[in-house]
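Please open the structure in a viewer and keep the selection tool at hand. The tour proceeds stop by stop, stating at each what to select and what is to be found there.

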Amino acid sequence: MKNDLGSMLLLGTLFLLLFGLAELLYQQFKVKAEFTRKLVHVGTGIICMSFPILISSHWSVFILCGLFTLILLLSIKFNLLNSIHAIDRKSVGSLAYPAAVYLCFLAQILLDKGSIFYYLPLLTLAICDPMAALSGKKWPYGSYRLFGARKTLLGSAVFFVCALITVVLIGHYMQEPSLHMSEITMICTLALVVTIAEACSKDGYDNISIPVSSMLSLYILFP
């Protein structure tokens, strides 16, 4: 873990700069919190893509995620980071996100099935979720409720398409033969399962359900 200290400092700085950028856009340029929150969501996912490259110990990831969870909790208590928290709905998404990152990092180590168990769930969370949320808000067509979660058919469709593309691209990039277009049925099944998991989740818990359902689908469909 000592060898990870430099990388942890670098990554911590990048996260703080991301938070600072979101606050600048929200406070000075009056960008709505829904958009600055999504900027942090996507930016965090992109930064976390470097974890398996820069960090060797899951304890280092645990410490990083724990520190940022603490920062987020304190920001809620003292009414800070409104670029993340100033939304008109109840959500634990910002607190669930660090937990999801650590869970994905730990799973790829424990399952010993390759880093796809980290990259695919996290990239699906970082890209597909905000794309679906913004699309659903911009064009709220086909509103429906599932287990208390209010979603739109358009948002779910966007999520499914984005998930499908993500699975194919990650599989191709990581040279996973079972995730190529020849296995289109299983790829579609994986994308559909994750889409349903997102549709069933409310109050920000999709930040957990998306990566967990993605990892479970990978484990079952592509042993």
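Begin by selecting glutamate 34 and arginine 89, whose side chains meet in a salt bridge with an N to O distance of 2.4 Å. This pair links distant parts of the chain, 55 residues apart: glutamate 34 lies in helix 2 (residues 33–48), and arginine 89 in the loop between helix 5 (82–85) and helix 6 (93–111). Please bear in mind throughout that the model is predicted.

Colour the two partners by accessibility. Glutamate 34 has a relative accessibility of 15% and therefore counts as buried. Arginine 89, at 36%, counts as partly exposed.

How many salt bridges does the structure hold? There are two, and the other stop of this kind is reached by selecting lysine 151 and glutamate 198, where the closest N and O atoms are 3.0 Å apart. Here too the pair links distant parts of the chain, with lysine 151 in strand 2 (residues 149–152) and glutamate 198 in helix 9 (residues 184–199), 47 residues apart. Both lysine 151 and glutamate 198 are buried.

Return now to helix 2 and select the whole element. Its 16 residues should span 22 Å at 1.5 Å a residue, and the C-alpha atoms at its ends are indeed 22 Å apart, so the expectation and the model agree. Is helix 2 largely enclosed or largely open? Twelve of its 16 residues are buried, so the rest of the structure largely encloses helix 2. The buried residues include Glu34, Arg37, Lys38, His41 and Cys48, as well as Ala33, Val40 and Ile47. To see what covers them, display the surrounding elements, among them helix 1 (5–27), helix 3 (51–54), helix 7 (116–138) and helix 10 (206–221). Helix 5 and helix 6 also belong to this cover.

From the cover of helix 2, move to helix 3 and select proline 52, which is placed there. Proline 52 has a relative accessible area of 24% and is therefore partly exposed. Leaving aside residues up to four places away in sequence, proline 52 touches Phe105, Gln108, Tyr118 and Tyr119. For a distance to check in the viewer, pick the C-alpha atoms of proline 52 and leucine 39: these residues are 13 apart along the chain, and the two atoms are separated by 22 Å.

The next stop concerns the cysteines. The structure holds zero disulfides. Select cysteine 104: the nearest cysteine sulfur, that of cysteine 48, is 9.5 Å away. Cysteine 104 has 0% relative accessibility and so counts as buried.

Then select cysteine 162 together with cysteine 128. Why is there no bond between cysteine 162 and cysteine 128? The sulfur of cysteine 128 is the closest to that of cysteine 162, yet at 5.1 Å it is too far for a bond. With a relative accessible area of 16%, cysteine 162 is buried.

Finally, turn to the surface and select Met1, Trp59, Phe62, Ile63 and Leu67 together. These residues form a nonpolar patch with about 510 Å² of accessible area together. Within the patch, leucine 67 has its place in helix 4 (residues 58–77). Its relative accessibility is 46%, so leucine 67 counts as partly exposed.

How values were computed
Residues are numbered from 1 along each chain as its sequence is written. This is a predicted model: local features need pLDDT of at least 70, side-chain atom pairs count only at pLDDT 80 or more; totals for chains, interfaces and linings use all residues. Side-chain values use heavy atoms; hydrogens and water are left out. A salt bridge is a side-chain nitrogen of Lys or Arg within 4 Å of a carboxyl oxygen of Asp or Glu. Helices (H or I, at least four residues) and strands (E, at least two) are DSSP runs, numbered from the N terminus. Buried means under 20% relative accessible area, exposed over 50%, partly exposed in between (1.4 Å probe, protein chains only). Patches are made of residues with over 30% relative accessible area and no salt bridge: like charges are joined within 9 Å, nonpolar side chains (Val, Leu, Ile, Met, Phe, Trp, Tyr) within 5 Å. Accessible areas come from the Shrake-Rupley method with a 1.4 Å probe; for residues, only the protein chains shown count as cover. The expected span of a helix is 1.5 Å times one less than its number of residues. Contact means heavy atoms within 4.5 Å. A disulfide is a pair of cysteine sulfur atoms within 2.5 Å.
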